[in-house]
Amino acid sequence: MSTTIAPLPSGSGRRGPARALRAFATGISAVSVKELRGRMRGRRAFVIVTIYLLLLSAFAFGIYAYLRQQATIEAESMFRDGVVNGTAELALSADIGHAIFSGLLLVLTLMVLVLAPAFTTGAISLEREKQTIDLLVTTPLSTLGMVIGKLVSALSYVFLLILASVPLMAIVFVFGGVGPEDLLRAYAVLFATAFGMGAMGLFISALTRRTQTATVITLIVVLAITLGSAAVHEFWTVLSTETAKAQAGFIPVKRTDRAPVAILWLNPFVGDMDLICTTAPGGYDRDTCDYVASVTGTPFFSTPRSDCSDGRPCEQPAFGDAGGFAKRGFAVEPALAAEFPVGRGDEPVADDVAPQQQALPSFGFPRDTFWPQSAIAFVVVGIVLTLLSAQLVAPTRRLRLRRGTVPDGAAWGTPASPPTSDPPTVPGGPPRASADAPEPTDEVTP
Amino acid sequence: MTPVLQTRGLTRRYGRTTAVAGVDLDVAPGEIFGLVGPNGAGKTTTLRMLATLLVPTAGDARIMGHSVRREPDEVRRLIGYMPDTFGVYDDMRVWEYLDFFARCHGIPVSRRRRLVGDLLELVDLAHKRDDYVEALSRGMQQRLCLAHALVHEPPLLLLDEPASGLDPRARVELRELLRELRSMGKTIVISSHILPELEELCTAVAIIDHGRLLASGRVDEIQGRFRRGTVARASVLGDAEALAAAARWFAEQPEATGVEILPDGRLELALRGDDDAAAALLARAVGAGLRVAAFAPAASDLEELFLQITEAAPPDAREEAVA
């Protein structure tokens with residue numbers, strides 16, 4: 001047992017940033033290794049991955065089978081009518097690719113949205129409930145390292161699930177229409193969402209005492225940033241449109257005001273729509289493009305594809321029905337747009353878009369209008385919430401006003417005077433703890 | 001010798017209630033220091049402040065010169081803390097549990113393996129190495145928690161009610177373990193609500209109630225200070241008449257303040273003065289022809305003393321005190 005006798009723990013002589021860094025790194029590694037040991041024990045984790053991939057494959061195959069069947073019915077009717085259209089099959093292939101990409105992206109987003117916070121909502125509140133947190137906090141680990149370790153272990157499993165879907169996603173290349181850079185964009189959105197939502201769960205876990213509460217709050221937050229944000233955004237738009245009409249009075253100016261796009265930044269489905277819209281065959285998908293355009297105020301009718309300039313070959317403009325382009329009244333006529341830069345002054349991103357309006361008209365939806373904002377928002381929110389969680393876990397380093405002061409006159413080094421010298425003879429007369437106690441007795445009685 | 005642990009005016013309030021009110025403690029190296037008080041006296045709060053889990057409202061504590069307020073990181077390296085209620089992680093084996101805390105303390109992998117083995121040996125859990133932590137008995141978990149507090153070889157151990165919930169055998173084993181740790185040169189602060197439990201283990205005790213320090217020092221010192229006299233029990237050979245005569249004889253002596261015949265035929269004597277006076281009384285009793293077969297201080301003396309000390313505090317303050 002001689003190993004347990006040592007005068008001082010190793011490393012106590014080092015000070016300053018090097019040691020703080022070490023405590024930070026140790027926190028991440030120790031906590032994440034411990035968590036992963038529990039999570040990855042046995043075959044459970046790998047069985048789950050397998051089942052998950054089987055379900056995802058079945059879903060992708062379902063999309064393929066459905067579209068294939070539709071195309072066959074269509075082709076049969078064409079042959080019956082004596083119409084031979086060589087482009088039908090070509091368009092179908094790209095349609096299938098796009099549909100599988102869209103479907104998988106939405107399913108993966110849903111998975112990330114549910115699983116990332118689910119893995120972290122118990123991270124800290126469970127330690128509180130099981131009363132293990134005191135043991136952890138009394139180690140010299142940095143609380144930030146500890147919190148990041150929790151996040152790393154929870155997210156590594158979510159990241160594993162996301163990455164496991166890559167080979168399946170790559171099937172879209174067979175059908176065409178969706179390029180590798182689109183997949184990169186999609187995974188950037190997924191990873192950013194996973195990080196942001198994981199940190200959200202962690203923060204809520206650090207905030208609450210009980211896991212049950214944390215779970216409920218997390219569920220509410222997830223609903224709020226998806227359904228809630230879209231509803232609020234829509235409501236806002238409707239309200240402000242009315243106001244704009246009222247202000248215009250009798251002057252027949254068509255103008256539609258927009259709600260701030262920031263409301264939707266943490267809604268990963270809007271980011272998905274942006275990606276789905278721009279990968280659609282022909283560069284335009286009515287449902288998603290219209291929504292993204294109305295939300296971001298991107299006048300796609302008259303704007304060139306932003307990636308035409310960076311070496312990517314511009315696709316031939318697809319001539320859809322013109323009614324679809326100008327449907328919702330968000331696309332201000334170029335001349336009017338110069339006069340009434342509606343709802344654009346409050347928005348830095350839209351400012352960047354504004355000069356492009358004067359550029360050559362092109363067809364196809366501009367890329368990267370919404371999802372980068374969304375991804376950056378998730379990363380920023382994730383970082384901020386992680387830092388806040390670390391503050392909430394730390395018992396003594398919380399940002400607080402110092403109320404108590406250290407008495408300078410305290411006699412350190414000399415033995416304390418014996419607190420009492422008289423035996424407690426009278427039951428009513430308490431032995432005064434010590435004559436030099438700083439607390440007057442009236443402080444004790446409420 | 002410079003104290004390992006010092007507190008000055010250590011105070012913690014929760015809202016309007018004061019859990020710990022200005023406690024001054026000094027613990028010298030190598031001591032087993034008992035923190036005694038009834039439930040809700042402020043023992044746990046005091047230990048949590050020393051373990052840097054709570055910030056003192058006022059006052060400060062220094063562990064080997066490091067302030068718990070200003071240098072919590074330094075303090076954490078110097079203490080091994082065992083909370084009164086602690087949980088264990090699910091899905092974790094015994095060796096993984098210790099390995100995890102060793103890793104938290106930055107102990108390199110080369111030393112960890114041996115350290116975990118040594119610690120399991122020390123707390124007698126080597127045969128449970130690969131068992132799951134939650135499957136261990138309460139006493140084993142208690143010992144494992146103690147082992148976790150030792151991974152970084154701290155010079156000071158803070159143990160909050162380590163014997164609570166243990167059966168008598170486990171208590172004896174724990175006591176042996178603490179003695180062994182003391183012989184390794186560790187200083188131990190241990191809290192309990194039962195003074196006699198600490199009597200033979202501790203080199204010094206502090207009695208606190210309602211957050212206030214009522215007495216501190218060696219157990220016999222406190223006894224001497226608080227006791228107006230001793231209570232002794234004597235067995236006198238002979239029939240009931242002889243017993244009554246002995247009682248009368250004792251009652252006439254100047255040292256005796258009260259004599260009572262117990263149902264089991266022994267005499268309980270309340271005596272004034274210290275042990276010397278008691279010895280002199282015994283000598284005279286034998287000299288007077290009383291057939292005294294046994295003469296010893298009452299066993300429950302310490303418990304009564306504890307009640308005497310803590311009950312003297314005002315009852316209205318008791319309700320406000322928080323554990």
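These exercises work through two sheets, one pocket and two buried residues.

The model is predicted, so local features need pLDDT of at least 70, side-chain atom pairs count only at pLDDT 80 or more, and totals for chains, interfaces and linings use all residues. Residues are numbered from 1 along each chain as its sequence is written, chains are lettered from A and ligands numbered from 1 in the order in which they are written, and side-chain values use heavy atoms, with hydrogens and water left out.

**Exercise 1. Lay out the six-strand sheet of chain B.**

Step 1. Fix the terms. Strands (E, at least two residues) and helices (H or I, at least four) are DSSP runs, numbered from the N terminus. Two strands pair if DSSP finds at least two bridges between them.

Step 2. Write the order. It is E6-E7-E8-E3-E9-E10 in chain B, an open sheet with mixed pairing.

Step 3. Mark the edges. Strand E6 (79–82) and strand E10 (212–217) of chain B each pair on one side only.

Step 4. Check one pair. Strands E7 (156–160) and E8 (187–192) of chain B run parallel and share five bridges. B:Leu159 has B:Ile190 in E8(B) as its bridge partner.

Step 5. Add a helix. H6 (168–183) of chain B lies across E3, E7 and E8 of chain B, at about 155 degrees to E8(B). Axes are lines fitted to C-alpha atoms, for helices over the stretch in contact, and angles run from 0 to 180 degrees between N-to-C directions. Contact means heavy atoms within 4.5 Å.

**Exercise 2. Place strand E4 of chain B in its sheet.**

Step 1. Write the order. Four strands form an open sheet, E2-E1-E4-E5 of chain B, with antiparallel pairing.

Step 2. Find the edges. E2 (17–27) and E5 (66–67) of chain B each have a single partner strand, so one side of each lacks a neighbour in the sheet.

Step 3. Pair E4(B) with E1. Strand E1 (5–14) and strand E4 (58–63) of chain B are antiparallel over five bridges. B:Leu5 is the bridge partner of B:Ile63 in E4(B). B:Gln6 stands opposite B:Arg62.

Step 4. Pair E4(B) with E5(B). Two bridges join them in the antiparallel sense. Here B:Arg62 partners B:Ser67. Two residues lie between the strands of this hairpin, and B:Met64 takes a positive phi near 50 degrees.

Step 5. Judge burial. Buried means under 20% relative accessible area, exposed over 50%, partly exposed in between (1.4 Å probe, protein chains only). Five of the six residues of E4(B) are buried, so the strand is largely enclosed by the rest of the structure.

**Exercise 3. Describe the lining of the second largest pocket.**

Step 1. Sort the residues. The lining divides into eleven nonpolar, four polar and twelve charged residues. Ala, Val, Leu, Ile, Met, Phe, Trp, Tyr, Cys and Pro count as nonpolar, Asp, Glu, Lys and Arg as charged, and the others, Gly among them, as polar.

Step 2. Name the helices. In chain A, H1 (16–39), H2 (44–81), H3 (87–120), H4 (125–129) and H6 (143–164) each supply at least two lining residues.

**Exercise 4. Are B:Trp249 and A:Thr241 buried or exposed?**

Step 1. Take B:Trp249, in helix H9 (240–252) of chain B. Its relative accessible area is 18%, so B:Trp249 is buried. B:Trp249 touches residues including B:Leu281, B:Arg284 and B:Leu290.

Step 2. Take A:Thr241, in helix H10 (211–248) of chain A. At 14% relative accessibility, A:Thr241 also counts as buried. A:Thr241 and A:Ala259 are 18 residues apart in sequence and 9.3 Å apart in space, C-alpha to C-alpha.

Definitions and conventions
Lists of a residue's contacts leave out its neighbours within four places in sequence.
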